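User: Can you walk me through a model I've just opened? I'd like to go helix by helix, then look at a strand pair.

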Amino acid sequence: MKVLALVAAVFLAGPILGIAVLFGIGGGAGAATAVALCSTSGPVRGLSPVQARNARSIVASAQQTTITAGQLGSAQSRAELIALMTAQTESTLHNYSNPSVPGSDQVPNDGPPPSGGDHDSVGLFQQRASWGPLTARMNPIAATRLFVSRLLHVPAWQTTPPAVAAQAVQNSAYPDRYAQAQSAATAWLQQIDSSPAADRCGSDDLPASAVGDIPPGSIPRGYQIPATATDAERRAVTFALAQLGKPYIFGAVGPSTYDCSGLTMAAWAAAGVTLPHFTVAQYGVGTAVAAPSLLSPGDLVFIPGSDGSLVPPNPRHVGMYIGEGYVIEAPQTGDVVKIVPLDQFKPIVGMRHLD
């Protein structure tokens with residue numbers, strides 16, 4: 001039933017403003033079909049808003065990873081439970097940075113842990129450097145994928161007690177802690193899986209702009225680049241804003257005209273980050289953003305455009321999130337580089353965070 005609910009959430013999307021991020025595995029005989037990620041939103045009893053957001057991201061990523069691997073039904077639910085109780089044990093469902101890990105405070109995070117960092121551990125699962133790149137370990141979706149992918153290789157993980165399976169993955173010096181979180185994680189999972197928000201794929205968590213229509217080529221009154229932006233994000237957004245009012249020309253990459261991906265490519269080049277040209281190529285760069293509320297300045301936001309599709313996700317237009325509920329875009333022939341409210345830039349089929 002859970003698989004059907006996930007599929008329904010994608011195919012009944014219609015005006016959904018949520019995420020449809022693809023996670024595929026290698027081709028060949030028996031390879032599973034890529035599965036869409038549906039990260040829900042809303043409160044969870046017993047959790048703070050930050051913890052609820054992270055819990056929902058964990059469940060969405062665990063669903064995606066297990067379905068793609070062909071692990072359905074009870075196996076899928078068990079993986080979600082083990083991931084939730086592990087993250088609760090390791091970080092109390094906080095995406096922690098680490099004062100001992102340079103750069104960890106420069107990517108989206110929930111702050112440092114109250115008692116400081118342990119070795120080079122970061123993120124929801126307190127994964128060390130051997131687990132993968134810092135940006136993956138501190139991205140709730142990617143970190144969960146790393147955890148669940150290892151869980152699926154634990155012998156008899158589906159019949160082993162959840163706490164024992166968690167320990168087999170984490171190899172913690174305190175193996176008895178995981179069982180203490182099982183009861184609470186079970187209750188949270190029940191709420192998340194039964195939530196009506198599942199049919200909205202996070203659309204009720206979309207940041208809203210402060211104003212309506214914005215005159216082409218102008219900056220909304222009172223807008224400022226968010227103070228949370230990193231240096232690279234600030235440079236990319238600053239460059240993009242400097243292009244306001246310049247005409248759209250298909251295939252153009254500046255300096256006097258742009259197409260949509262030419263604008264994002266040039267903006268991030270100003271920040272020292274190389275992107276390919278054309279929307280489809282940029283759709284595969286960076287890491288997935290778990291929910292609209294987690295967007296950072298400079299993140300790429302993808303929609304079908306005039307010649308793409310929502311299902312299957314086929315983005316043909318890209319804009320750049322600039323914070324405060326706004327996107328800057330080079331929209332179409334006859335138009336100019338302009339800012340639009342994020343809640344009017346739809347339907348979103350993907351969001352990517354760049355290192």
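Analyst: Here is a short tour of some helix contacts and one pair of strands.
This is a predicted model, so local features need pLDDT of at least 70 and side-chain atom pairs pLDDT 80 or more, while totals for chains, interfaces and linings use all residues. Residues are numbered from 1 along each chain as its sequence is written, and side-chain values use heavy atoms, without hydrogens and water.

User: How do α3 and α7 cross?

Analyst: Helix α3 (residues 74-91) and helix α7 (residues 182-193) have axes that come within 9 Å and cross at roughly 125°. That makes α3 oblique to α7. Oblique means outside the other classes: under 35 degrees is roughly parallel, over 145 roughly antiparallel, 65 to 115 roughly perpendicular. Axes are lines fitted to C-alpha atoms over the stretch in contact, with angles from 0 to 180 degrees between N-to-C directions. Helices are DSSP runs of H or I with at least four residues; strands are runs of E with at least two.

User: Which residues meet there?

Analyst: From α3, Ser77, Glu80, Leu81, Leu84, Met85 and Gln88. From α7, Gln182, Ala185, Thr186, Trp188, Leu189 and Asp193. Contact means heavy atoms within 4.5 Å.

User: Zoom in on threonine 186. Buried or exposed?

Analyst: Neither. Threonine 186 is partly exposed, with a relative accessible area of 40%. Buried means under 20%, exposed over 50%, and partly exposed in between, using a 1.4 Å probe and protein chains only. The C-alpha atoms of threonine 186 and leucine 84 are separated by 8.5 Å, although the two are 102 residues apart along the chain.

User: Switch to α6. How many of its residues are buried?

Analyst: Seven of the nine residues in α6 (residues 162-170) are buried. Among them are Pro162, Ala163 and Val169. The cover over the buried residues includes α3, α5 (140-151) and α7.

User: What does glutamine 167 touch?

Analyst: Ser172, Pro175 and Tyr178, leaving out residues up to four places away in sequence. Glutamine 167 sits in α6 and is buried, at 18% relative accessible area.

User: And what follows α6?

Analyst: Asparagine 171, with a positive phi near 55°.

User: Now the strands. How many bridges join β6 to β7?

Analyst: Four, and β6 (residues 326-329) and β7 run antiparallel. Two strands pair if DSSP finds at least two bridges between them. Tyrosine 326 stands opposite proline 341 in β7.

User: Which way do the β7 residues point?

Analyst: Lys338 and Val340 point one way, Ile339 and Pro341 the other. All are buried.
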